[in-house]
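Visitor: I would love a tour of this model, one question at a time. Where shall we begin?

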Amino acid sequence: MSEKTLAALRPGQSGVVAGITAQGAVKRHFLDMGITKGVRVTVERIAPFGDPIAVRLRGYSLSLRREEAAKIELEGDRNAYAGNHR
């Protein structure tokens with residue numbers, strides 16, 4: 001599986017979801033929020049102490065704890081970009 005997770009991205013970087021390592025209710029919660037395989041997720045900002053992380057996907061923003069973001073694996077994405085883009 002992929003070695004890069006959503007928690008590793010910096011603001012302005014994006015990736016494509018390859019899989020979710022969470023189980024049970026947490027996995028279901030991710031799926032309910034629209035975090036599914038193949039979806040592009042962009043990190044918008046990270047709180048001053050590193051938690052939570054604000055991400056954008058499917059046209060909306062949401063916040064995830066860093067611990068949760070570490071359970072979202074990303075594909076090796078040649079199109080990931082750095083900098084602040086909107």
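Visitor: Let's begin with a single pairing. Which residue is the bridge partner of G15 in β3?

Guide: Happy to start there, with the reminder that this is a predicted model. G15 falls within β2, which spans 14–20, and β2 pairs with β3 in the antiparallel sense over three bridges. Within β3, the bridge partner of G15 is V41.

Visitor: Thanks! In what order do the six strands sit in the open sheet?

Guide: Along the chain, from the N terminus on, the elements run β-β-α-β-β-β-α-β. The pairing in the sheet is antiparallel, and β1 and β5 are the edge strands, each pairing on one side only. Read across the open sheet, the order is β1-β6-β2-β3-β4-β5.

Visitor: How many residues lie between β3 and β4 in their hairpin?

Guide: These two strands pair in the antiparallel sense over four bridges, and I46 stands opposite I53 of β4. In the turn, G50 has a positive phi of about 90°. The number of residues between the two strands is six.

Visitor: Which residue does a cis peptide bond join to D51?

Guide: Most peptide bonds are trans. Here, though, omega is about 5° for the bond that follows D51. The residue joined to D51, found in the loop between β3 and β4, is P52.

Visitor: Moving along the chain, which residue in the turn between β4 and β5 has a positive phi?

Guide: Over five bridges, β4 and β5 pair in the antiparallel sense; A54, for one, has S63 in β5 as its bridge partner. The hairpin they form has two residues between the strands. A positive phi, near 50°, occurs there in a residue other than glycine, and that residue is R58.

Visitor: Does R58 count as buried or exposed, and why?

Guide: R58 is found in the loop between β4 and β5. The cut-off for exposed is over 50% relative accessible area. R58 has 52% relative accessibility, so it counts as exposed.

Visitor: And β4 itself: how many of its five residues are buried?

Guide: β4 covers 53–57, and it pairs with β3 over four bridges and with β5 over five. The strand is mostly covered. Of its five residues, the number buried is four.

Visitor: Which strand gives the most to the largest nonpolar core?

Guide: Nonpolar side chains tend to be buried together in soluble globular proteins. In this model the largest nonpolar core has 20 residues, and L6, F30, I35, V55 and L64 have the most contacts inside it. At least two residues each come from β2, β3, β4, β5 and β6. The strand that gives the most, with three residues, is β4.

Visitor: Let's look at F30. Leaving aside its neighbours within four places in sequence, which residues is F30 in contact with?

Guide: F30 is among the residues with the most contacts inside the largest nonpolar core, as are two of its partners, I35 and L64. Another partner, I72, lies in β6, which spans 72–74. The full set is I20, A22, I35, L64, E68, K71 and I72.

Visitor: To finish, what share of the contacts with a separation of 6 or more comes from residues 24 or more positions apart?

Guide: The protein chain has two helices and six strands, and buried residues make up 42% of its 86 residues. Its accessible surface comes to about 5,300 Å², of which 50% belongs to carbon and sulfur atoms. For contacts with a separation of 6 or more, the share from residues 24 or more positions apart is 62%.

How values were computed
Residues numbered from 1 in each chain as written. Predicted model: local features only at pLDDT ≥ 70, side-chain atom pairs only at ≥ 80, totals over all residues. Heavy atoms only, no water. Buried < 20%, exposed > 50% of the residue type's maximum accessible area, 1.4 Å probe, protein only. Contact = heavy atoms within 4.5 Å. Areas by Shrake-Rupley, 256 points an atom, 1.4 Å probe, with all protein chains shown as cover. Core = buried A, V, L, I, M, F, W, Y, C linked by side-chain atoms within 4.5 Å. Pairing = 2+ DSSP bridges.
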